[in-house]
Structures are given as C-alpha cells and as structure tokens.
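Please open the model in your viewer and keep the selection tool at hand, since each stop on this tour asks you to pick out a part and look at what surrounds it.

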Amino acid sequence: MYNAIIVGAGTSGLACACFCKGKTLLIDKQSAGKKLSIAGNERVNLTNLADLNEFLKAYVPNGEFLRDAFKIFFRDDLLRFINTLNLDIEVENNKVFLKNSNGKILVNKLKNFILNRNIHLVENEKVIKIEKKETFIVYTSRNIYKSKNLVIATGGLARKKLGASADGYMFAKSLGHTIIPPKPFETPFCIKDSLFENLSGISLYVQIKYKNKIFSGDMLFTHFGLSGPVILEASCFVKNCDIININFLGKNKDIFFKELEKAKSIKLLIKDYLPKRFINNISKKIPFIEKNINQVSKKNIHFAFELLCNYKINVKLCGFDRAFVTKGGINLKEVDPKSCSSKLVSNLFFCGEILDIAGPIGGFNIQAAFSTGYLVSQKLGNLPFTNI
Ligand SMILES: Cc1cc2nc3c(=O)[nH]c(=O)nc-3n(C[C@H](O)[C@H](O)[C@H](O)COP(=O)(O)OP(=O)(O)OC[C@H]3O[C@@H](n4cnc5c(N)ncnc54)[C@H](O)[C@@H]3O)c2cc1C
C-alpha cells in the first residue's frame with residue numbers, strides 16, 4: 001500500500017517524485033524521462049526569462065491556471081534545483097538551456113535523486129486500468145498496486161515513439177473526468193515544395209509574416225517540410241490552409257531594390273545570405289539569376305522579390321507524430337489550480353501536459369511540468385523544496 005502512485009515518469013512525474021515524501025511508487029511503461037532526455041535537441045530548454053505575467057499569457061488561453069503553481073515553484077526554484085543537481089545553465093534569447101550537459105545526464109540525475117529518497121521507480125511496466133474504491137487500485141501489465149493518492153502524469157499525445165499515449169485520458173475518463181479534445185501544438189509544417197527540395201538539414205534565419213504578426217528565427221528544412229524554432233513559434237498561431245509569407249533575406253522592398261542595384265545581379269545579392277543548394281533551387285525558378293540587373297525586366301525583378309522576400313506557402317500542420325506538444329486534455333474546470341487535484345475524485349491529482357495547458361516553444365512546457373509536478377508533490381504530505 002503506497003501513499004502515492006505517480007503514473008508516468010516523464011518530466012512532470014519525475015518532478016513530482018523528486019519532492020514526494022512517504023511511500024511513493026513512480027511507474028512508467030518505458031524508461032523514465034524519455035522525452036525530457038531529448039528535449040531541446042538534447043540541450044533541454046528548461047524555462048524562459050519572461051516575467052511572470054508574460055509567462056502566464058504564453059499558455060493561451062489557460063495560463064491563469066498556473067498562477068498558483070508558479071507561486072510556489074517558478075523559474076528561480078527550478079534553476080536552483082538544477083544547480084543542486086550540479087548542472088550549469090546558459091541563456092539564449094531568453095531561453096534557458098543546460099550548459100555542457102544534456103537531457104540524458106539530467107534524467108540520470110533526477111533518477112538518482114529520486115532513488116536516494118527511497119521512491120520506488122518501476123520502468124517498462126504499463127498501467128492498464130485504474131479503479132477507485134477505498135483506495136486507488138492500479139493494474140499494470142505485471143502487477144496490481146494500491147495507493148491512497150494517485151497522480152496521473154501521462155502527458156499528451158505528441159510523439160508516440162517517445163511514449164505518448166491516450167491512456168491517461170482514458171484513466172481520467174473512467175474516473176469521471178471530461179477531456180478537451182487534444183490537438184497537435186508546436187507543429188512543423190508538412191509541406192512539399194519544389195523550392196525546398198534536397199535541402200534537408202539546412203537551417204536559415206528567416207522572417208515569417210502572418211497577418212499582422214512577424215516571427216523571426218531559424219527555420220530548418222527537413223525531409224517532410226519545414227521545422228525549426230521560427231516555424232514552431234508561428235505554428236501556434238496559424239491553422240491549416242492559412243497563407244504565410246517567408247522572407248529569406250529579411251529585406252523589405254526598398255532595401256531589396258537598392259541593394260540589388262549595387263550588387264548588379266540577383267545571385268551576387270543573395271550569395272552571402274543563402275546556402276548554395278538553396279540558390280540552386282532558386283535559380284530553377286528564376287533562370288535570370290546571374291544576368292546583369294539592367295537586362296532583367298521589372299516584372300522579373302518583382303517576381304524575384306516575391307520569391308526571396310515574400311514567398312507564400314499554404315500552411316499544412318503536421319500531426320501528433322511530429323508535434324512537440326498537445327493542446328487540450330483534462331478539463332481545467334474539474335481541477336483545483338491550488339493543488340492540481342481533481343474536484344470530482346478525492347486524492348486524485350494531475351500534473352504536466354495531460355492538463356489542458358500548452359505553451360509555445362521557449363521552455364514553457366518543461367517549466368509547467370516541473371511547477372505542476374512540484375505543486376502536486378506538496379499536497380501528498382511532503383518535504384518543502386527549500387529543505388532539500
Ligand atoms: C522532441 C521534443 C522536444 C521538446 N523539447 C522541449 C524543450 O526543450 N522545452 C520545453 O519546455 N518543452 C519541450 N518539449 C515539451 C516537453 O517535453 C513536454 O511538455 C513535457 O515533457 C511534458 O511532461 P509530462 O510529464 O506531462 O509528459 P511526458 O514527459 O510526455 O511523460 C509522460 C510519461 O507517461 C508515460 N505513460 C504514458 N502512458 C502510460 C501508461 N499507460 N503506463 C505507464 N506510463 C505511461 C510515458 O511513457 C511518458 O514517459 C519537447 C517535446 C518534444 C516531443
């Protein structure tokens with residue numbers, strides 16, 4: 001008989017287990033922290049330097065739910081904890097990453113931290129069914145466990161290959177909860193475009209215009225379409241079939257025309273900005289690329305500007321197999337933000353991405369997972385963070 005069973009040893013389950021006291025079982029159907037270990041291309045974007053209000057606003061439209069969790073465990077607490085694990089951090093454009101280390105090292109340190117605190121960690125054992133009688137009864141592929149408290153930390157649907165499953169939603173539903181339909185969030189674009197052929201692996205700094213918004217950052221060409229920070233950021237605002245405009249040079253019309261006059265040809269203008277393979281693709285669309293600009297018609301120059309600085313693409317968002325996050329999940333009306341406990345079932349808690357909270361790229365989701373995980377841990381009869 002456990003005081004608490006935490007189902008899911010991902011980011012939020014691990015965070016919760018780090019601070020639990022009492023007899024606790026942390027259980028996962030795969031190895032613990034699989035997603036966390038590769039997060040942020042293994043650099044792990046832990047959190048963000050945005051101030052509290054900006055932070056909360058980022059989780060449109062449900063950020064307010066996190067205010068209580070952030071009151072007791074926010075960025076400084078997370079970074080202090082990372083420091084107690086003897087890990088360094090570095091900041092890039094407000095995003096806080098691990099420095100000289102990686103996600104695997106972080107996960108190993110979290111696992112050791114938990115084991116040193118006598119939390120039982122069971123990996124590669126799938127929870128199949130959960131019942132609530134006097135206690136919670138958790139049925140797994142191998143065992144039956146009982147517990148006074150139950151924490152569902154099974155995450156969202158993004159990336160089945162990393163362990164994502166709808167099991168948590170199913171457990172919550174069986175206990176009476178409703179689920180806001182999950183949708184992929186922070187998604188690359190799955191598009192085919194001859195301009196992007198054979199560019200897989202190349203990254204470019206671009207500007208993306210969508211309605212009155214401009215996003216700037218690195219865009220990555222992939223074998224399935226477009227990804228990278230700027231695409232993931234823009235994806236949180238667009239929907240399928242929307243038109244976005246990519247500016248590969250970051251120049252407006254006036255500057256483009258002025259610089260083109262000086263450069264004499266389009267190729268000479270772009271050669272320092274764009275990689276060779278991309279220029280090859282561009283030259284297939286504008287065969288006059290090497291011609292002296294005086295010999296190119298105004299119509300063609302305008303066409304070149306549209307191609308290089310205002311390239312229109314039709315958005316096609318990828319699905320859960322390529323998304324980074326899930327929007328939707330446990331209906332927050334049924335969860336108390338002060339404890340992340342169920343308003344419907346006593347001693348039932350939720351933390352992490354299973355809740356209907358999704359943040360944009362920038363460290364917002366790992367921070368939310370740690371903060372809600374910590375909040376729940378404090379409601380299970382625990383050690384306050386400052387004593388660790
Ligand atoms: C490739 C990638 C990179 C990312 N990088 C970043 C980043 O740098 N910064 C950031 O803020 N966010 C990042 N995210 C998002 C972030 O990783 C997640 O929001 C966060 O891990 C969610 O934590 P969680 O605990 O809710 O879920 P998860 O970490 O997904 O953990 C859920 C766990 O539940 C387990 N589980 C599911 N069903 C069962 C079952 N039936 N029985 C037992 N166990 C079960 C799963 O195996 C899994 O281990 C990234 C996401 C992806 C996909």
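Select S4 together with strand S5 (residues 95-99), and you will find that five bridges join these two strands, which run antiparallel; helices (H or I, at least four residues) and strands (E, at least two) are DSSP runs, numbered from the N terminus. Within this pair, Ile89 stands opposite Leu98 in S5. The model is predicted, so local features need pLDDT of at least 70 and side-chain atom pairs count only at pLDDT 80 or more, while totals for chains, interfaces and linings use all residues. Residues are numbered from 1 along each chain as its sequence is written, and side-chain values use heavy atoms, with hydrogens and water left out.

Next, add S3 to the selection: the three strands form an open antiparallel sheet in the order S3-S5-S4, where two strands pair if DSSP finds at least two bridges between them. Its edge strands, S3 (45-48) and S4 (88-92), each pair on one side only.

Now select helix H12 (residues 298-309), whose 12 residues should span 16 Å at 1.5 Å a residue (times one less than the number of residues), which agrees with the 16 Å between its end C-alpha atoms. In H12, Ile301, Ala304, Phe305, Leu307, Leu308 and Cys309 are buried (under 20% relative accessible area, with exposed over 50% and partly exposed in between, using a 1.4 Å probe and protein chains only). The buried residues of H12 pack against several elements, among them strand S14 (243-247) and helix H9 (253-263), contact meaning heavy atoms within 4.5 Å.
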